[in-house]
Each structure stands twice: as C-alpha cells, then as structure tokens.
Amino acid sequence: MRDITVFSGSAHPELAEEICAHLGTPLHPVQIHRFANDVLEVQLQANCRERDVFLIQPLVPPTQEHLVELLLMLDAARGASAARTTVVLPHYAYARSDKKDAPRISIGGRLVADLMVAAGASRVLAMTLHSPQVHGFFSVPVDHLHALRELAAHFRQYDLSNTVVVSPDLGNAKEAAAFSRLLGTDVAMGAKQRFSDDRVVISSVIGEVAGKDVIILDDEIAKGSTVIELLDRLREQGVRSVRVACTHGLFSGGALERLGALPEVEEIVCTNTVPPPKPCDKLTVLSIAPALAEAMRRIHDGESVSALFNTGQ
C-alpha cells in the first residue's frame with residue numbers, strides 16, 4: 001500500500017485541514033465544476049493510482065449537493081485506480097431515516113449507504129451514527145467512532161459529585177449510560193414520543209433528577225425541540241443546573257439562540273463534526289479531528305481501531 005492520499009469535498013474543509021495537520025499529510029485539492037445545466041463534475045487533483053485514498057465529507061446542508069459531490073469523488077477515485085477508498089463521514093444525515101415507521105416511505109439510510117458502495121466506497125469511517133442498525137446498512141466494513149471520550153474529558157473539569165446524565169429518550173439510553181460510566185455519575189432518561197419532525201412530547205423523566213446538576217446528552221441537536229421539551233420536564237422536577245451536550249450540533253432554525261436564551265442552561269457543548277454555528281457565549285465546540293486522524297492512520301497501517309470507539313458499552 002502506497003502513501004495515504006486525502007481529499008475533501010466542500011462540506012467542511014476546515015475539519016479536513018485539521019485532520020491532515022494531525023496526520024502530517026497534505027490535503028489535496030478537488031476541482032468541482034458546475035455546468036450550465038447545474039450538473040456537477042469532480043476532478044481529484046492528485047495521483048490516486050494504487051493509493052490508500054480517504055474522502056472527508058459530512059452530509060450537511062445543502063445535504064443532497066454534498067452527497068452528490070461525495071458520490072462523484074468516489075467514482076473519480078475508482079476510475080483513477082485507487083487501491084482502496086475510505087469515506088470519512090463525520091456526520092451521516094440520512095442515518096435518521098433508519099426504519100419504515102409509516103406506510104410507503106423510503107429508508108434513506110440504507111439507500112444512501114448502497115449508493116456510496118456502488119460509487120466505489122471500500123470502507124466507511126463514521127462518527128456517532130443515529131442508531132446502531134445504520135451500521136448494518138453498509139455492505140463494506142464500517143469503523144464507528146463516538147465522541148463520548150472528548151465530551152467526557154470536557155465535563156471532567158466540573159464538580160460532578162451531584163451530577164446526573166439525562167438521555168432525552170430510550171433510543172439514546174445506551175449512549176447516556178456509557179457516558180455516565182465515563183464520568184462516574186448516575187443516569188436518567190426521558191419517556192419521549194415523536195409526532196413530527198418538530199413536535200415531540202416527553203411525558204416524564206425516569207430517574208432521580210430533583211436538585212441535581214444535569215447533563216443532557218443527545219447524538220445531534222437540529223431544531224432543538226426535543227431538548228426544549230425535556231427542559232420543561234426537568235424544570236418541573238426542580239433540577240439545580242443544566243448543561244447540554246451533543247456530537248452533531250446542527251442548530252437549525254435558531255435552535256442555538258432558543259437554547260442559549262434559557263436561564264437554566266449554563267453551557268451547550270458540541271463537536272466540529274459539522275461546521276460550527278456563529279459563536280455564542282454559552283457554546284463550546286470540541287474538536288474530533290485528532291480522533292478521526294488517529295483512526296485514519298490505524299486504518300492505513302492495518303492496526304486495530306477498536307480502542308478509539310470502545311466506550312465500555
């Protein structure tokens with residue numbers, strides 16, 4: 001296997017640059033040309049023949065545009081005789097479409113996984129997929145990292161003696177339990193029902209939270225409706241303070257401003273899997289570039305990646 005060769009689409013070049021700085025390798029340019037009929041053409045501006053190629057591209061808005069970029073980069077790498085092409089997917093937006101919970105709907109998480117493999121993906125390196133079954137949608141090897149270690153390292157700076165980690169729903173309970181073990185705290189969770197993309201109801205909180213310092217942990221925050229609903233229940237329970245943590249801080253539709261305006265929310269913590277929003281007094285953005293860079297190095301060198309995503313689950 002020859003040297004590692006890294007490219008990035010236009011979704012999050014700052015993260016790609018930081019990853020390459022940790023790897024000590026250049027980020028090679030990609031030329032993206034748009035024709036008059038709105039069709040995209042991609043050209044990789046470095047030799048790929050028999051190389052170990054990594055393509056870094058989170059699927060963030062405009063999501064479909066960035067997906068097509070990624071598919072075209074995969075096809076270009078395959079056509080250039082890359083020995084192996086690994087998709088580095090810090091955020092897989094279609095992972096939320098992971099089940100058929102209504103008649104005649106598509107399962108986008110599986111379909112888009114098939115598209116990546118058909119376009120030439122040999123392997124996928126993902127960060128905090130929305131649900132465990134999404135891993136199985138890919139017919140190529142998947143290394144699934146979590147940001148729990150980075151988040152835990154941040155929260156250890158605080159006094160955690162009266163702290164409880166709260167998951168907004170049962171689906172994220174396993175992650176919250178693993179996070180609480182890393183911090184040495186108790187864990188609680190909300191009983192949630194989702195009625196639409198922006199309407200959720202949390203009927204109760206399972207666990208002892210009264211008088212506690214709460215860390216709400218979720219995999220991603222988009223519109224923030226789930227967290228705001230959970231905050232209503234926590235307020236009724238008389239919690240002492242609240243900090244909010246997630247891996248993917250999408251914060252669409254003014255979610256960050258709404259959360260930051262709530263007096264009980266002391267801090268909002270996310271990682272840079274997606275381009276961070278405008279700075280906010282309560283927002284802290286942690287970098288997952290070192291973890292992704294180390295995983296890429298281990299994949300390239302044929303070493304075990306499991307130590308990076310072993311969170312004690």
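# Group meeting: a walk through the model

Okay, let's start with Pro-62, which is found in the loop between E5 and H2. One thing to keep in mind throughout: this is a predicted model. Pro-62 earns its slot because most peptide bonds are trans, and most residues other than glycine have a negative phi. The bond from Pro-61 to Pro-62 is cis, with omega near -5°.

While we're on backbone oddities, there are two positive phi values to show you. Asp-38 has phi near 75°, and it isn't a glycine. You'll find Asp-38 in the loop between strand E3, residues 30–34, and strand E4, residues 40–44. Then there's Arg-104, again a residue other than glycine, with phi near 60°. Arg-104 is in the loop between E6 and H3. Is Arg-104 buried or exposed? It's exposed, at a relative accessible area of 77%.

Right, on to the sheet. Six strands make up an open sheet, in the order E2-E1-E5-E6-E7-E8, and the pairing is parallel. Which strands are at the edges? Those are E2, residues 27–28, and E8, residues 142–145, and each of them pairs on one side only. Helix H1, residues 13–23, packs on this sheet and touches E1, E2 and E5. The direction of H1 makes about 165° with that of E1. Helix H8, residues 289–301, also packs on the sheet, with contacts to E1, E5, E6, E7 and E8. Its direction is at about 160° to that of E7.

Let me zoom in on E7, residues 123–127. Four of the five residues of E7 are buried, so this strand is largely enclosed by the rest of the structure. On one pairing, E6 and E7 run parallel over four bridges, and Leu-89 stands opposite Ala-126 in E7. To get from E6 to E7, the chain goes through H3, and that β-α-β crossover is right-handed. On the other pairing, four bridges join E7 to E8, again parallel. Here Leu-125 stands opposite Asp-143 in E8, and Ala-126 stands opposite His-144. So if you click on Ala-126, you can go from Leu-89 across to His-144.

Now H3 itself, residues 108–119, and its partner H2, residues 63–79. Their axes come within 8 Å and cross at roughly 25°. That is under the 35 degrees cut-off, so H2 and H3 are roughly parallel to each other. What does H2 bring to the contact? Leu-67, Leu-70, Leu-71, Leu-74, Asp-75 and Arg-78. From H3, they meet Val-112, Leu-115, Met-116, Ala-118 and Ala-119.

Just after that helix comes Ala-121, in the loop between H3 and E7. Ala-121 is buried, with a relative accessible area of 6%. Leaving out its neighbours within four places in sequence, Ala-121 is in contact with Leu-74, Thr-85, Val-87, Met-116 and Val-140. Two of those names, Leu-74 and Met-116, came up a moment ago in the meeting of H2 and H3. For a sense of scale, the C-alpha atoms of Ala-121 and Val-200 are separated by 36 Å, with those positions 79 residues apart along the chain.

A quick word on annotation. The unreviewed UniProt entry has a domain, "Ribose-phosphate pyrophosphokinase N-terminal", over residues 5–120. In this model that span is 34% helix and 23% strand, and its end C-alpha atoms lie 16 Å apart.

Moving further along the chain, have a look at E12, residues 213–221. How many of its nine residues are buried? Nine of them, so to speak the full set. E12 is joined to E9, residues 163–167, by four bridges, running parallel. It is also joined to E13, residues 241–249, by eight bridges, parallel again. Ile-216 is a handy place to see both pairings: its partner is Val-166 on E9's side, and Val-244 in E13. The route from E12 to E13 passes through helix H6, residues 225–237, and this β-α-β crossover is right-handed.

Last stop, helix H4, residues 148–155, which is mostly covered, with six of its eight residues buried. Those are Leu-148, Glu-150, Leu-151, Ala-152, His-154 and Phe-155. What covers them? The cover includes H5, E12, E13, E14, E15 and H8. You've met H8 already, packing on the six-stranded sheet. That's my tour, thanks.

Notes:
Residues numbered from 1 in each chain as written. Predicted model: local features only at pLDDT ≥ 70, side-chain atom pairs only at ≥ 80, totals over all residues. Heavy atoms only, no water. UniProt positions renumbered as here; feature names shortened; annotations may be inferred. Buried < 20%, exposed > 50% of the residue type's maximum accessible area, 1.4 Å probe, protein only. Pairing = 2+ DSSP bridges. Right-handed = clockwise from strand over helix to strand, strands pointing away. Axes fitted to C-alpha atoms, helices over the stretch in contact; angles between N-to-C directions. Parallel < 35°, antiparallel > 145°, perpendicular 65-115°, else oblique. Contact = heavy atoms within 4.5 Å.
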